[in-house]
Amino acid sequence: MDSPMKVAQYGISSVISLSDDTLLEQMREYYSQLYQEPFMPITIKEEDYRARRVTAYLNLADRIVTRQMLKLKQEPFDSESHLTKYFLLLPDDSPLKALYRQMLQTRDPKLKVELQEELRQAVTPGSIDVNIMTKLDKTNYDKNGDPLPQEYSDALAALRGFARSTVHASVIFSAGMNMRLYSYLEHFPCFFPDENGYLSKQVIIKVSDYRSAFVQGKILAKKGIWVSEFRIESGLNCGGHAFATDGYLLGPILEEFKKSRQAMQEELYTLFSNSLKAKGHPVPEMAPATKITVQGGIGTAGEHNFLLQHYGMDAAGWGTPFLLVPEATTVDVETMEKLARARKEDLYLSPISPLGVPFNSLRGTTSEALTLARIERDKPGSPCEKKHLVSNTEFTKEPICTASRKYQRNKLLQLQGLGLPEHEYKAEEAKVLAKECLCEGLASTALIKAGITRKASPRQVAICPGPNMAYFSNIFKLQEMVDHIYGRVNILNNTYRPHMFINELRMYVEYWKNKKAELQETMTDKQEKYLQSFWENLQQGIAYYKELLPALFQDQLEKYALMHDELLDAEDQLRLANQKL
């Protein structure tokens, strides 16, 4: 929610989720008080309150970061200043870091002052980017119960709030396509280039593979919207919702981007320029830059650098380890300590999301405890106040959430009336009762940290680290985490950590085996073909990694041999399991 207020002053970009406008409003009040800014609440009774809350929060964040940067630039270059920290955090091969070192080493007082001024002028903040999960786009209703026009839906209102804000930043679309959301971009001039080709607000799409990127890029280019970044994320080795591919592994996916990115850019530019011309907008002489970046399960400087150098990635993103960095993210003390203690078995691909999408999560959270306590009291399900994850119309005209008390009561009554054998009923009951209220759970940790309590009951926390959390076991300073990313220190714990490609491969093998077991008794021809295709894609991925080993581990024979054995083990598991298909 508030990472930009923590790290943007150091040139680090981060992303604010726009899903929960109530949380945005609560945090806006908190930060207004903290920075002595006037605060006027935007209530749910006001016209277009969701979009206005988004705009107000982003404008506040923008003002705070601007104030931080002005203050930082006036600081001295001493050991305790934020200005010095800005330069210490930079990678060692940064030209700006070289200039900083030159300033430290120079003995000429006049030249030192000149270099310090040059460094101050070069300081730029990180971007205040935002995320819209495209699937979270419920229709909203007026006080009479009538549906509001579509531009008041959750995702469109969030986009409007971002478009009207003062931030010069990017919106990241995740979780697949939403055609009405993509079309809505055309309503805002800020998403089109000016006569100099400048985009005041940019579009980033999170994708799982090359085809997804190309398809979505073409859809938007035909509307005159340029995708400034395709952000590739591992389908399973990530935090939160996990959108698995059909067995396509990260390495082969990156290889396809490496080979095809230039051709994709050229085709997208043709569509983009033709659309701009037809709309009467200025057409840039050259295609705007398109970054290709990657994230999901990166854990060492070696992995980070390989992704940039071998595949030509423009950047690599780290998320999960920063949950252990209070200077960067907002996590309450109890939950952060649980994360620091978490072992592999405490981190799992859970069924708790009401969207029905696998969800990487932490065992033993207070949200899980509350869910189980409600079941024990024979009052399963949660009160559904925010309604951001509503999707089910099995029992109601308006969609409701599958974690809600209303849905679970109705669903359990329906199951009880089906006369199922005991083991079948228990299995179906467990699927219903597994769902947790993520609207409240994911918001709670920020509210606890901000001291925003409620009288009725303590806030219950859900949190969604990726499996990579198992290899980090302390609470870290920002400098320590950044130093680890750039290979200046090693902060991994003593747990053996396979290469990120092996970690993801094992997750996919396990995912495939579970899918096969789930479908075994009622498998259709279509499902059998899906599983066989998935299996073949995994085998092709393993073959690709075998060929990649010499490039991956130059002069590191021990690591080469170890990963080769791990690939053979995955291959054996797949062959053995496939014989039973």
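In the predicted model, Gly240 stands opposite Asn360, a residue of strand 10. Gly240 lies in strand 6, which comprises residues 240–241 and runs antiparallel to strand 10, with two bridges joining the pair. Strand 10 is also paired with strand 9, which spans residues 347–350; this pairing is again antiparallel and extends over four bridges. Within it, Tyr348 has Ser361 of strand 10 as its bridge partner.

Strand 10 itself covers residues 359–362, and both of its faces are covered. On one side, Phe359 and Ser361 are buried; on the other side, Asn360 and Leu362 are buried as well. Asn360, opposite Gly240, and Ser361, the partner of Tyr348, therefore belong to opposite faces of strand 10, and both residues are buried because each has a relative accessible area under 20%.

The cysteine residues were examined next. The structure holds zero disulfides. A disulfide requires two cysteine sulfur atoms within 2.5 Å. The sulfur of Cys238 has its closest cysteine sulfur in Cys464, at 9.4 Å, and this separation is too far for a bond. For Cys437, the closest cysteine sulfur is that of Cys439; the distance is 5.4 Å, so no bond is formed between these two residues either.

Both Cys238 and Cys437 are nevertheless removed from the surface by the criterion of burial, which is a relative accessible area under 20%. Cys238 has a relative accessible area of 4% and is therefore buried. Cys437, with a value of 18%, is likewise buried.

Methods. Residues numbered from 1 in each chain as written. Predicted model: local features only at pLDDT ≥ 70, side-chain atom pairs only at ≥ 80, totals over all residues. Heavy atoms only, no water. Buried < 20%, exposed > 50% of the residue type's maximum accessible area, 1.4 Å probe, protein only. Pairing = 2+ DSSP bridges.
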